[in-house]
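Q: Please take a close look at the strand pairing in this structure. Once that is done, go on to the helix contact and the cysteines.

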Amino acid sequence: MTGAPPPGRRPLRVAVIGGGPGGLYAAALLKRFDPARRVTVWERNAPDDTFGFGVVLSDETLGGIEHADPVVYAALSDAFVRWDDIDVVHRGVRHTCGGHGFAALGRRRLLEILHERCRTLGVELRFRTEAPHPDRLAATHDLVVAADGVHSTTRVTYAHAFRPAVEEHRCRYIWLAADFALDAFRFDIAETEHGVMQLHGYPYAADASTVIVEMREEVWRAAGFADTGERESVERCAKVFADTLGGRPLTSNNSTWTAFRTVVTARWSHGNVVLLGDAAHTAHFSIGSGTKLAVEDALTLAARLAEHPTVGGALTAYEEERRPVVASTQRAARASLEWFETLSSRLDAPPRRFAFDLLTRSRRVTHAGLRLRDARFTAAVERESGCPPGTPPMFTPFRLRGLTLRNRVVVSPMDMYAAVDGVPGDFHLVHLGARALGGAGLVMTEMVCVSPRGRITPGCTGLWTSRQAEAWRRVVAFAHRHAPGTALGVQLGHCGRKGATKLMWEGMDEPLDEGGWPLVAASPLPYTPRSQVPRELTRAELTDLREEFTAAAWRAARCGFDLLELHCAHGYLLSGFLSPLTNRRTDRYGGSLERRLRFPLEVFDAVRSVWPEERPMTVRISATDWADGGTTAEDAVETARAFAAHGADAVDVSTGQVVADERPAYGRSYQTPFADRIRHEAGVPVIAVGAISSWDDVNSLILAGRADLCALARPHLYDPNWTLHAAAEQEYTGEGVVWPAPYRAGSRRPRAGRADASRPRPTLGD
C-alpha cells in the first residue's frame, strides 16, 4: 500500500467497492455529511441486478436511518410492508404468535432508493465496472470502503491483515419468491421421504413474498437437488410447500443452492481500507440481520469519520463500537442456525412447545418478551407444558428418581477454597446454608475431593475422613432443618493433573511454591508449561481410585445428601480420560471414545453401587474442549448416552477448561446449545449451566424444552436469595418457592423513592 495518503488526512476522496445496500448507504452518508467529498462507488453488476428478493429492517435500524438521513427514511417508509404475526406450521397445524412488528421492502426497491439518493447528493456510481485493485485505490484515495460482500476480494487481498475465518455450515438453501403476500412471517416444516425441509417466508410487497427453502446437506443430496437445474429445483420446492403457497408457483432470480458461510475477521481495517457488512462479518439469514448489520455499519462509520480528526482514529472507533454488537448478533445467528441444523431431533416436541422453541431459538426472544407480545400464545404454551395458572415455568417441580425438586433452579457447584485439611467449616455452613434458604430447588456443594492428592488447592474440601463427613453432616442438617424442600447435592471429584495449585485469588492454576503433592492423570501431560507433570496412572492405581470414590460416596450417603454428582468435566481426573487431548493411553482405557469412557464408567458404576437406590446420581461433563482435535458435540451426545445407560439420572452439561489453550465462544447462555442437543438426541434430562443470569432466561430454557434444570453460579454469589427474589419480581407465591418464616416480611419488593409526594396539579390558565 505504498503511496497511500497519510493516515491523518481528511478523507476527501472516498472509494466504495460494492454497490449493495451497505456500500450505497455508506456512500450517501459520507457525501451528505461532507459535500466536499468526492465519493465513487464501483459495482460490477447492473443497477437492477440483485441477490434475493426482500429485505427486513428492524425499528432500531430505521431509527438510526431517520436520524442520519430523513430523506432515505421517508422513501423507505413509503415502500414498507408491515405485519405483526409469526406463523409456525408443523405437521399440518399452524400456531400464530403476534406482536412482533416487522417491516420489509423489496431489495430492488431498496437499491433504487439508495441509487436515487446517491445521485441527488452527487455520488458517482459506476455500474458494470470492476473496481481497481485495492492497492491502487488505497494509493489514490483517502479512504477505501470495502463493501464487496461475503466473497470479498478486498478481504482476500489483505488476508494477512484482516485474518478472516470462514466457516461453511451443514445446510443448503435457495432464495426464491412467490407472487402473493404471505399474511405473516412464516416457518413451515416439511417431513419428506428424504428428510426434513423448512421454509422461511415473509411478504415484502403487496403482491410478493420472499421464500427461502433450506435443508441439511444430506437431505439435499438424497432428494436429488444436487443434480437438478434451477427451474426443476424451483418447481420441486413449490410442490413440497404447496399448502403454504396455495398451489401457486415459485420464481427465481438466477437462484442457486448454497451453503451459508459465517465470516469473522480479526481486524476490520488496514491502513485506509475498511471492511463493511458481509465483507467483515456475516449472520445467518434466519435472524434477518445481513442488510441490517451492513446499514448499521454504514451509519457508525459515517458518524465516527465526522467526529474524529484522523481516518485512523475514526476507523478504530468504528470497529470498537460495532464489533461487540456484531459479535452478539453472530452468537444469536449461530444459535438460530444450529437450531435449524438439528431440527429433525425436535419434531416430536409438543406442538406449541415446538413453536415456542423455534421463536426463542436465538435466545434474543425470551419468555417475558413473548408474554408482552402475545400473552394468549405464551399462556397456551404454558398450559400445554403443564404449568399451573400463574406459575412461571421455573417454579414447576421436576422429579429425579425418588427426589422431587420443587423448582428448576440449581445453585451450581462453586469452589470456595476455604477448607482446612479438607474439612468444611463455618464458612461453608453459612455459604451453603444461605443459598439453601434462598429458595433454589437444589443446592450443590463445590467439588468435594476423594483424597488428599485429589485436591485442586490446599483449601479444597474432601470426604476421605470421618471428621470431614461429620462437618458435612452439620451443613446438610442445617439445610434440611431450616430450608425444608430444598435438596442438597454433593459433587465428588479428583483434580487429576490440575492439582497442587495456589488458591484462586493467589494465582489460578499456578503451582504451589511449597507444600505441593505429586499428581496423577490419564497421561503424563502437564496442564500448562508451568504445571507439574503428572504421572500416568497404573492399572493398580485405577483400582485404588475407584475405591476412593466409592468410600467418599458411602460417606456422602451417611451425611444425608439428597443427590450425588460425579465430576467428569473441566479437565479434572475423570475428564482427563474422556478427552482425546488429555488421554494418550494405549491400553484398554485409551484410544476410541468407547475406550476413553471405560474408566469414568467404572467409577460411576462403583459409586452407584453404594449410593442409595432411591437417590439420584448425575454426571457433569465438558461437552466440548473448545480446541481442535478435542471432544466434539457429537462425542458429548455419545458420552451422555453411555452414562444414562449406566444409570445417570441427568447430565450436567458444561464445557471446556480441559486444555489451557482453549478458545471458548463466550456469551449469554453460551453452553446451553450443548445441553439442548444432548437432551434432544440422547433423550436424557439435562442441567444447563453457563452465563445464565436472569429468571427470564431460566423460564425460556425450561419452557422451550432445552433444559430440565438450570444451574446458576455467579448470580448466587451476587444474591444468595436469587430464587426468592425471582419469585417476588414475578409476583409468584405458589408452592414452587417458599420464603423461610423469618424472611416472609421481605417477600415483597421494597418500594423505591418517596410515596408521600403530592400529585402534580393542573396549571390554571389566565
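A: The strands are described below, followed by one helix pair and the cysteines.

This is a predicted model, in which local features need pLDDT of at least 70 and side-chain atom pairs count only at pLDDT 80 or more, while totals for chains, interfaces and linings use all residues. Residues are numbered from 1 along each chain as its sequence is written, and side-chain values use heavy atoms, with hydrogens and water left out.

Strands (E, at least two residues) and helices (H or I, at least four) are DSSP runs numbered from the N terminus. Two strands count as paired if DSSP finds at least two bridges between them. In general, strands of a sheet pair through backbone hydrogen bonds, either parallel or antiparallel.

An open sheet is built from 3 strands in the order E3-E7-E4, with antiparallel pairing. Its edge strands are E3 (54-57) and E4 (81-83), each of which pairs on one side only. Ignoring direction, neighbouring strands here are turned by 30° against each other on average; the angle is taken between axes, which are lines fitted to C-alpha atoms (for helices over the stretch in contact), and such angles run from 0 to 180 degrees between N-to-C directions.

Strand E7 (residues 102-106) is joined to E3 by 4 bridges, and these two run antiparallel. In this pair Val56 stands opposite Ala104 of E7. With E4, E7 pairs in the antiparallel sense over 3 bridges, and there Ala104 in E7 is the bridge partner of Val81. E7 is mostly covered: 5 of its 5 residues are buried, where buried means under 20% relative accessible area, exposed over 50% and partly exposed in between (1.4 Å probe, protein chains only).

Strand E10 (residues 164-178) also has several partners. Over 7 bridges it pairs in the antiparallel sense with strand E15 (residues 258-265), and Pro164 stands opposite Thr265 of E15. E10 pairs with strand E13 (residues 208-216) over 8 bridges, again in the antiparallel sense; Ala177 has Thr210 in E13 as its bridge partner. A further 2 bridges join E10 to strand E14 (residues 250-251), also antiparallel, with Ala178 opposite Leu250.

Next comes the helix pair. Helix H13 (residues 351-359) packs against helix H25 (residues 695-704) at an angle of about 135°, their axes 8 Å apart. H13 is therefore oblique to H25, since angles under 35 degrees count as roughly parallel, over 145 as roughly antiparallel, 65 to 115 as roughly perpendicular and the rest as oblique. Arg353, Phe356 and Asp357 of H13 meet Ser700, Ile702, Leu703 and Ala704 of H25, contact being heavy atoms within 4.5 Å. By class, this contact has 4 nonpolar, 1 polar and 2 charged residues. Here Ala, Val, Leu, Ile, Met, Phe, Trp, Tyr, Cys and Pro count as nonpolar, Asp, Glu, Lys and Arg as charged, and the others, Gly among them, as polar.

The cysteines remain. A search of the whole structure finds 0 disulfides, a disulfide being a pair of cysteine sulfur atoms within 2.5 Å. Cys97 has no such bond because the closest cysteine sulfur, in Cys387, is 16 Å from its own, too far for a bond. Cys387 is in no disulfide, and the nearest cysteine sulfur to it, that of Cys710, is 13 Å away. Cys97 counts as buried at 1% relative accessibility, and Cys387 is buried with a relative accessible area of 10%.
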